[in-house]
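Hi there,

I hope your week is going well. Here is the structure I promised to pass on, and my notes on it follow below.

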Amino acid sequence: MKDENQVTHEGVDPERRAFMGVAAGVTAAMVAPGVILHAVAAVPRSEPVTSDVRWGLLIETSKCVDGCSACVDACDQENGLDLQAKHAQESLENWEHQKAVWIRKVKLQDNQTGRVTNLPLMCQHCEHPPCVDVCPTGASFKRADGIVMVDRHTCIGCRYCMMACPYKARSFIHQESHGQLTSVPRGKGCVESCNLCVHRRDHGQESTACVDACAEAGHEAILFGDLKDPASPIRKRLEDIPNRQIREDLALNTGVRYAGV
Amino acid sequence: MAKAVLRASLVATGLVWALLAQTVPAGDVKRYVVEGSRAAGLESCVEPTERMRREHMEFIKHQRIATVHEGIRGTKHRLSGCVECHISYDAERVPRPIDRRDQFCGACHAFAAVDLNCFDCHAAVPNVSGPAPEVGEAHPTAVVAPSVESRRELGGH
């Protein structure tokens with residue numbers, strides 16, 4: 001039996017082969033820089049964010065240490081919250097109550113057993129955020145990649161979202177700001193909260209300030225990652241250990257999950 | 001004949017004045033461009049100068065929506081780009097806030113009597129903490145950062 005392929009192989013046109021070679025070379029030359037660019041990454045984002053990813057945190061409360069404020073301090077430093085200063089006439093109590101905080105360290109005690117649990121509480125980046133529902137101007141919004149944030153250009157400072165948030169995650173800026181960071185614009189009269197270090201996301205950096213600080217302090221209680229990627233470390237850890245949402249009865253499907261509460 | 005000469009000379013004087021009027025503001029503006037910055041080596045800003053004068057607010061308004069809602073950064077119409085190129089420095093290399101009445105943005109806004117609110121929230125000097133997010137450009141940002149940081153540590157309100 002004769003192989004039919006044999007027939008086609010015999011009549012190879014050298015010119016056609018040369019053309020194909022050149023075409024392949026040109027295609028490779030045009031595509032390769034794009035591929036390499038994506039592999040190296042770390043350039044500012046030029047395409048709109050998509051819902052292919054959903055950013056989230058997993059907090060293992062058993063690893064969170066009493067008295068440690070590494071995550072809070074790192075957050076303050078990263079987002080310029082440490083530039084806030086108390087007015088001379090303002091009482092310390094009032095200042096503690098009103099200054100902007102994006103992460104709060106919370107200490108829980110079970111009075112029955114005496115067991116103490118520490119955890120950082122920040123914006124929970126809900127899938128169905130109540131703050132977005134109530135915002136009268138559309139300033140409070142959820143980005144395609146799941147980050148809940150405030151568009152300060154349209155925020156009128158009504159603070160309805162602060163009332164609506166079950167986690168007390170949002171702060172209002174009461175005083176004029178000076179010396180802001182280029183990556184985190186913030187000013188008087190707007191509401192703000194944790195945005196999962198959105199400037200880091202858009203510049204292709206891997207984690208958030210709080211996650212880095214917690215790891216640096218040797219606790220590694222916070223894990224950041226893509227909740228939609230089955231291969232991401234956060235998804236694997238979520239599968240491995242028991243975890244839950246805070247106030248899961250509200251069915252908000254939070255992006256921040258807690259283990260050990 | 002004398003009338004014609006007079007008219008011609010008047011027209012010529014007028015033309016010269018018109019030209020001078022054009023060049024004086026241009027010279028003023030040039031003063032605010034940072035030496036060695038990207039702007040210093042360019043004929044005009046990210047758009048032709050005339051368009052920038054009339055439409056810069058439109059450009060940054062579109063940019064802000066793309067950046068805040070879609071996460072698009074590092075484009076040519078970004079506000080931080082204005083600051084990077086047009087900031088000026090005093091003798092100690094400390095940047096002067098760009099919205100001050102004698103600086104690039106502030107001077108023109110004061111002249112035109114238009115409120116300038118951008119810098120109530122946005123940084124009026126290049127102010128980068130940690131690893132510089134704006135990579136790949138030979139700007140004096142990196143040089144400035146330490147002085148700004150130190151001012152910050154002093155608790156400059």
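Let me start with a loop: Asn253(A) sits between H9 and S9 of chain A. Please keep in mind throughout that this is a predicted model. Although Asn253(A) is not a glycine, its phi is positive, at about 50°. Is this residue buried or exposed? Neither fully: Asn253(A) has 16 other C-beta atoms within 10 Å, and 20 or more would be needed for buried and 12 or fewer for exposed, so it counts as partly exposed.

Chain B offers a residue with a similar story. Ala113(B), also not a glycine, has a positive phi of about 55°. You will find Ala113(B) in the loop that links helix H4 (104-112) and helix H5 (118-121) of chain B. Ala113(B) counts as exposed because there are 6 C-beta neighbours inside 10 Å, and the cut-off for exposed is 12 or fewer.

Now to the two elements that flank the loop of Asn253(A), H9 and S9 of chain A. S9(A) belongs to an open sheet of three strands in chain A, with the order S8-S1-S9 and mixed pairing. Why is one side of strand S8 (222-226) and of strand S9 (256-259) left without a neighbour in the sheet? Both of these chain A strands stand at the edges and each has a single partner strand, so there is nothing in the sheet on the other side. On average, neighbouring strands here are turned by 20° against each other, ignoring direction.

Looking at one pair in detail, strand S1 (residues 55-60) of chain A runs parallel to S9(A), and four bridges join them. Across this pair, Leu57(A) faces Val256(A) in S9(A). Helix H9 (residues 233-240) of chain A lies across S1, S8 and S9 of that chain, and its direction makes an angle of about 115° with S8(A).

Stepping back to chain A as a whole, it has nine helices and nine strands. Of its 261 residues, 34% count as buried. Among contacts in chain A with a separation of 6 or more, 63% are between residues 24 or more positions apart.

Finally, the contact between the chains. Chain A contributes 26 residues and chain B contributes 22 residues. On the chain A side, helix H7 (residues 198-202) gives the largest share, three residues. By class, that side of chain A has eight nonpolar, ten polar and eight charged residues.

Happy to go through any of this with you.

Best wishes

Notes:
Residues numbered from 1 in each chain as written. Chains lettered and ligands numbered in written order. Predicted model: local features only at pLDDT ≥ 70, side-chain atom pairs only at ≥ 80, totals over all residues. Contact = placed C-beta atoms within 7 Å. Nonpolar A, V, L, I, M, F, W, Y, C, P; charged D, E, K, R; others polar. Pairing = 2+ DSSP bridges. Axes fitted to C-alpha atoms, helices over the stretch in contact; angles between N-to-C directions.
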